[in-house]
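Student: I would like to go through this structure slowly, asking at each step what justifies the words we use. Could you set each value beside its definition?

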Amino acid sequence: MKKKPIKNLFNERAEKYDYLVTKEQPLSYTAESFQKVLINLDYANIDGNNKVIQFTSTLASEGKSTFTSNIAYLLGQKGKKVVLIDLDLRKPKLNRVFNVTNRDGLTDYLSGKIEYDKVVRHSEEVGIDFIIAGEKTTAIVNVLEAKKLQELIAKLRENYDYVLLDTPPVIAVSDALYIAKLADGVIFIVAQGVAKKTLVKEAIKTLKNNHVNIIGTVLTQVSLKHGEYGYGYDYSYKYE
Ligand SMILES: Nc1ncnc2c1ncn2[C@@H]1O[C@H](COP(=O)(O)OP(=O)(O)O)[C@@H](O)[C@H]1O
Ligand SMILES: [Mg+2]
């Protein structure tokens, strides 16, 4: 007799997790709340002044990669030319979003292993271009400060309507601050019930002290009272 597999709730959740909820469930409440963010984003970038946008948060797992990927997808749907870059070199996620192995990515390009044409990929399915993190490195600050990275962003700025940067959180490591120097503006994500209020304040203060241009804040993972939308979370957006 065949043994029934033991249910592992954690794995089941991880397996089922759809990064691109707006693609999988375009009519959901979640997808609709994204539209509001898009309008604000377009408004912020009306003169092309906020083209390179960084997404960060206080702590890990606040939904940065999820949020950024969905925004990238929806901008692509609107006919914008978008490139999404995984700059969270400590916890890269875009390889999972796009279902590819984390090979031939940004760090490989910066070290000269691969060329521009190979590092920038296109997803037919999602309708946008993307760059994954690539081979793990311990010299993260060197990577983020590399002249070649600045030049890459400059080139992408020429070629795209939006260059979206998925990045690490602010507390604990300073990666986000290095990345902010490459970006026109930052969208700060706050997941309900993850970071304590004082810590969120500290993260925002850190950004402000470093003269980072915060163009918007987003509240994610908001529990809805009636779980009738299947996803059970909400995105809201405040334009500052
Ligand atoms: N809106 C959401 N609704 C439900 N779960 C979410 C949501 N956003 C993120 N998660 C959960 O949090 C985990 C981390 O999300 P992710 O987008 O990778 O966060 P980050 O990039 O901030 O570390 C996901 O694997 C998922 O389980
Ligand atoms: Mg992430």
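Student: What makes glycine 127 stand out in the hairpin of β3 and β4?
Tutor: In that hairpin, which has four residues between the strands, glycine 127 takes a positive phi near 80°. The model is a predicted one, in which local features need pLDDT of at least 70, side-chain atom pairs count only at pLDDT 80 or more, and totals for chains, interfaces and linings use all residues. Residues are numbered from 1 along each chain as its sequence is written, and chains are lettered from A and ligands numbered from 1 in the order in which they are written.

Student: How do you know that β3 and β4 pair?
Tutor: Strands are DSSP runs of E with at least two residues, and helices are runs of H or I with at least four, numbered from the N terminus. Two strands pair if DSSP finds at least two bridges between them; strand β3 (residues 121-123) and β4 have three bridges, in the antiparallel sense, so they meet that definition. Within this pairing, histidine 122 has aspartate 129 of β4 as its bridge partner.

Student: Which strands does β2 pair with, and in what sense?
Tutor: Strand β2 (residues 82-86) runs parallel to β4, joined by three bridges, and leucine 84 has phenylalanine 130 as its bridge partner there. With strand β5 (residues 162-166), β2 pairs in the parallel sense over five bridges, where valine 83 is partnered by valine 163.

Student: What makes β2 a mostly covered strand?
Tutor: A residue is buried if 20 or more other C-beta atoms, placed from the backbone, lie within 10 Å of its own, exposed if 12 or fewer do, and partly exposed in between. By that test five of the five residues of β2 are buried, with Val82, Leu84 and Asp86 on one side and Val83 and Ile85 on the other. In a regular strand the side chains alternate between the two faces of the sheet. In β4 (residues 128-131), Ile128 and Phe130 point one way and Asp129 and Ile131 the other, and all are buried.

Student: Why is lysine 196 called exposed?
Tutor: Lysine 196 has 11 C-beta neighbours inside 10 Å, and therefore counts as exposed. Lysine 196 is found in the loop between β6 (185-191) and α11 (197-209), and its C-alpha atom is separated by 9.3 Å from that of threonine 58, although the two are 138 residues apart along the chain.

Student: How do you know that the length of helix α4 agrees with what is expected?
Tutor: The expected span of a helix is 1.5 Å times one less than its number of residues. For the 14 residues of α4 (residues 64-77) this should give 20 Å, and the end C-alpha atoms are 20 Å apart, which agrees. In α4, 13 of the 14 residues are buried, and the helix is followed by glycine 79, whose phi is positive, near 90°.

Student: Why are the buried residues of α3 said to be on the same side?
Tutor: The buried residues of α3 (residues 29-44) are Thr30, Phe34, Val37 and Leu41. They cover an arc of only 55° around the axis, taken from the directions from the helix axis to the C-beta atoms, and this puts them on the same side of α3. On the other side, Ile39 and Tyr43 are exposed.
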